[in-house]
Amino acid sequence: MSKKKDGTIRDRPKGTKNNMRSIREKEQIVLRCINENIPFRKISKELGIGDTTIGKWVHAYEKDGINGLESKTGKCGSGNPYAALYKKKNLTEVERLRLELVKKEVECERLKKGYSVKGVGRRKEYVTINKKNSK
């Protein structure tokens, strides 16, 4: 664990990889906290996971059971199924058409909401079509 500029302690050293834990791993850690009545800090030091993270897992588990431990970030299988197509260099004809269709659907939804996108990447800008702000 290391310190931030403001003196507070961060869960992992800056620049290190953020380890994604499976639901089973999280469940084992949570059950260990609950069943053996071990404090979050003791387990966090032992495993190198932030105590606030373990606390969130325990509270989520108590509230929603094992479903509460599912990742909400989309890094564990959920999320945009077309993201891989953007990075793939050699698309098949079907993949290329599917990607093009999704882009058009997104564009139609944006137009329905009254805005369009100008530019790409960091220079992407959302421009309202109507005079009123639609966001």
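This is a short presentation on how the helices of one protein chain are arranged.

Good morning. Please keep in mind throughout that the structure shown is a predicted model. I shall begin with the whole chain, and then turn to its helices.

The protein chain contains five helices and four strands. In what order do the helices and strands follow one another along the sequence? The pattern is β-β-α-α-α-α-α-β-β, with a pair of strands before the helices and another pair after them. Of the 135 residues in the protein chain, 18% are buried. If we take the contacts in the chain with a separation of 6 or more, 33% of them join residues 24 or more positions apart.

Let us now consider helix α3, which covers residues 51-64. This helix has 14 residues, and the distance from its first C-alpha to its last is 20 Å, close to the 20 Å expected at 1.5 Å a residue. Which residues of α3 are buried? They are I54, G55, W57, V58, A60 and Y61. For a first-year student, a general point about helices is useful when reading such a list. An α-helix has 3.6 residues a turn, so residues three or four places apart point the same way. The cover over the buried residues of α3 includes α1 and α2. Just after the helix comes G65, which has a positive phi, near 70°.

I shall take the two covering helices in turn, starting with α1. The helices α1 and α3 pack with their axes 9 Å apart, at an angle of about 85°. Because an angle of 65 to 115 degrees counts as roughly perpendicular, α1 is described as roughly perpendicular to α3. On the α1 side, the contact is made by K26, E27, I29, V30, L31, C33 and I34. On the α3 side, the residues are I54, W57, V58, Y61 and E62. By class, this contact of α1 with α3 has nine nonpolar and three charged residues, and no polar ones.

Next is α2. Its axis lies 8 Å from that of α3, and the angle between the two helices is about 120°. Are α2 and α3 perpendicular or oblique to each other? They are oblique, because 65 to 115 degrees is the range for roughly perpendicular. The crossing of α2 with α3 is right-handed. Here F40, R41, I43 and S44 of α2 meet D51, I54, G55 and V58 of α3. The residues of this contact of α2 with α3 comprise four nonpolar, two polar and two charged. Please note that I54 and V58 of α3 appear in the contact with α1 and also in the contact with α2.

The two covering helices also touch one another. The angle between α1 and α2 is about 140°, and their axes are 10 Å apart. Their crossing is right-handed. In α1, the residues involved are I29, R32 and C33, and they meet F40, I43, E46 and L47 in α2. Five nonpolar and two charged residues, with no polar ones, make up the contact of α1 with α2.

Between these two helices there is a residue that deserves a moment. N37 lies in the loop between α1 (23-36) and α2 (40-47). Its phi is near 55°, a positive value in a residue other than glycine. Most residues other than glycine have a negative phi. Is N37 buried or exposed? N37 is exposed, because its relative accessible area is 67% and the cut-off for exposed is over 50%.

Finally, I would point to two pairs of residues that are separated along the chain. E25 is found in helix α1. At 34% relative accessibility, E25 is partly exposed. The C-alpha atoms of E25 and L69 are 9.8 Å apart, although 44 residues separate them along the chain. The second pair involves L111, in helix α5 (residues 93-113). L111 is also partly exposed, with a relative accessible area of 44%. Its C-alpha atom lies 8.0 Å from that of I129, and the two residues are 18 apart along the chain.

To close, I return to the central point: α1 and α2 are among what covers the buried residues of α3. Thank you for your attention.

Key. Residues numbered from 1 in each chain as written. Predicted model: local features only at pLDDT ≥ 70, side-chain atom pairs only at ≥ 80, totals over all residues. Heavy atoms only, no water. Buried < 20%, exposed > 50% of the residue type's maximum accessible area, 1.4 Å probe, protein only. Expected span 1.5 Å × (residues − 1). Contact = heavy atoms within 4.5 Å. Axes fitted to C-alpha atoms, helices over the stretch in contact; angles between N-to-C directions. Parallel < 35°, antiparallel > 145°, perpendicular 65-115°, else oblique. Left-handed = near helix turned anticlockwise from the far one by under 90°. Nonpolar A, V, L, I, M, F, W, Y, C, P; charged D, E, K, R; others polar.
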